[in-house]
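Visitor: Could you take me through the surroundings of the ligand, slowly and in plain words? I'd also like to know how that part fits in with the rest of the chain.

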Amino acid sequence: MDHRPRLLARTALLCAVLSVVAVGFAGLHGLLVVFCALIGLVVTAVGGWWALAHHGVPRIVGAVVAVAAPAGVLVLAVSSEVALLVLLALGLWGVGLVLARSALHAARPPKPMPTHEMPAPRRPVLIMNPKSGGGKVEQFQLVRRAEELGARVVLLDTSVPQDVAGIARRAVAEGADLLGVAGGDGTQALVAAVAAEHDLPFLVISAGTRNHFALDLGLDRTDPATCLDALRDGVELLVDLGRVGELPFVNTVSFGAYAQIVQSPQYRDAKTATALDALPELLLGTGGAHLTAHAGEHRLDGPQALLVSNNPYAAPDPVSLGRRPRLDRGVLGVLGIRVEGAAQAAELALRGDRAKGLTVLSARQVTVHADAAEIPVAVDGEALTLATPVVCSLAVRALRVRVPRGRPGADPSQQPHARRLDWRDVARLAFLPMENRT
Ligand SMILES: Nc1ncnc2c1ncn2[C@@H]1O[C@H](COP(=O)(O)OP(=O)(O)OP(=O)(O)O)[C@@H](O)[C@H]1O
């Protein structure tokens, strides 16, 4: 029997208790510092809301408050007599959190996606975008390396818009027995759909800028050439393929504020300035369509931002989504944000993913209605406009992805511990007999 999870859980609880004891030793002063830190968090969130949701003077005041509040708390904590004890308490709490997450992770490690042995392709065709990732195709000599492994390479001419799905279909008609892409996730999705349509294996080469799909397949994002190893010694994963309206997607479909901002022609050149300019109207509900989403039996009314993903992300954190441990669960991840004022921004800061303004769920289908005939939608990061209602769904395990047998992220149990933390689970793990823990 593995005692590590129990040991980790008990140590985590011990750290948490010691942290409380340290605050207790610091007495009234210590409690005051902790209380001020919480107030500081609330004031920072309120300042942040004013900075994002307003223009002009209120924005400047909000930004100053958002920066001054944590600085003030820091000065107060350092100058107080009990600074060391408070620091110790914070340190213990931090270590406790890390250990608690590790304990839960060790008790129920996510299982890797099953792999399937399939014969190597004999007529692989790889579509490569020389502009992706700032020129990774040339930087990593992908054309030469792929040809050495027996692949035919089609280099995209990016001087005019290319019908990538059409190129892939032609390759299939000419006898390709594998399709692959060295390019961004939008291009990956278009060719993946053609591969799925013909039940052919699909090869992902992480030559884009973000490579989110490659990341969640466990591929090496630092060296796209390693993805070509799948041609020599590969296995297959059966993964889900997203569909939004008539279009395929491999990662995410985004509605609301983000989708609206990336539509803006100025966005590519000045991302932050464009976002700051558009956010007040979008957050206060005057700048975009009113959305209503139906996800299974749930209804999300008026989310300012809505993210639908091909399988749920491990950490329901709207800022850094982390990664999807599996791509074959047959469900969409749904993340909706609705923050209507400074009070709700403060609640979000204090309660994180438990705040009312944040909805996290999974569903087999998501339908987005709007009070407009068309809405901006970002599909795998590409800015599009789609007719409403917009329906998102999944073709379950419809895509055969050929990946190298040895790839760095194959085992999700080795990934950062992003699971939602509930101290009751930690206590159960620490003290209940094995069979009563769930
Ligand atoms: N179908 C296409 N036809 C012509 N040019 C294209 C096409 N798709 C992409 N491009 C060009 O290639 C550039 C790189 O696009 P791509 O999305 O492949 O990579 P990226 O932007 O580096 O990666 P990511 O999508 O991860 O940000 C685009 O800016 C565009 O100019």
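Guide: Sort the residues of the shell around the ligand by type, and you get three nonpolar, twelve polar and three charged. Keep in mind that you're looking at a predicted model. In total, 18 residues surround the ligand. The closest ones are Ser-132, Gln-162, Gly-184, Gly-208 and Thr-209, so try finding those five on screen.

Now look for helix H8, which covers residues 185-197. H8 gives the shell three residues, and that is the largest share. Remember this helix, as we'll meet it again in a moment.

Let's zoom out a bit. The UniProt record, an unreviewed entry, puts a feature called "domain: DAGKc" at residues 119-248. That span is 33% helix and 25% strand, and the C-alpha atoms at its two ends lie 27 Å apart. The domain assignment, for its part, splits the protein chain into domain 1 (4-108), domain 2 (122-232) and domain 3 (252-396).

Take domain 2 and domain 3: their centres, worked out over C-alpha atoms, are separated by 28 Å. Where they touch, domain 2 brings six residues to the contact and domain 3 brings seven. On the domain 2 side, H8 and helix H9 (212-216) each supply at least two residues. Here's our helix again: H8 provides four residues, the largest share of that side. By type, the domain 2 side has three nonpolar residues, one polar and two charged. So H8 turns up both in the shell around the ligand and in the side of domain 2 that touches domain 3.

Last stop: strand E12, residues 332-337. Why call it largely enclosed by the rest of the structure? Because six of its six residues are buried. In a regular strand, side chains take turns pointing to the two faces of the sheet. In E12, Leu-332, Val-334 and Gly-336 sit on one side and Gly-333, Leu-335 and Ile-337 on the other, and both faces are covered.

E12 has partners, too. Strand E11 (residues 305-310) runs antiparallel to E12 and is joined to it by six bridges, with Ser-309 standing opposite Gly-333. Strand E13 (residues 358-363) is also antiparallel to E12, again with six bridges, and there Val-334 stands opposite Leu-361.

Methods. Residues numbered from 1 in each chain as written. Predicted model: local features only at pLDDT ≥ 70, side-chain atom pairs only at ≥ 80, totals over all residues. UniProt positions renumbered as here; feature names shortened; annotations may be inferred. Near = placed C-beta within 6 Å. Nonpolar A, V, L, I, M, F, W, Y, C, P; charged D, E, K, R; others polar. Domains from an automatic or database assignment. Contact = placed C-beta atoms within 7 Å. Buried ≥ 20, exposed ≤ 12 C-beta atoms within 10 Å, placed from the backbone. Pairing = 2+ DSSP bridges.
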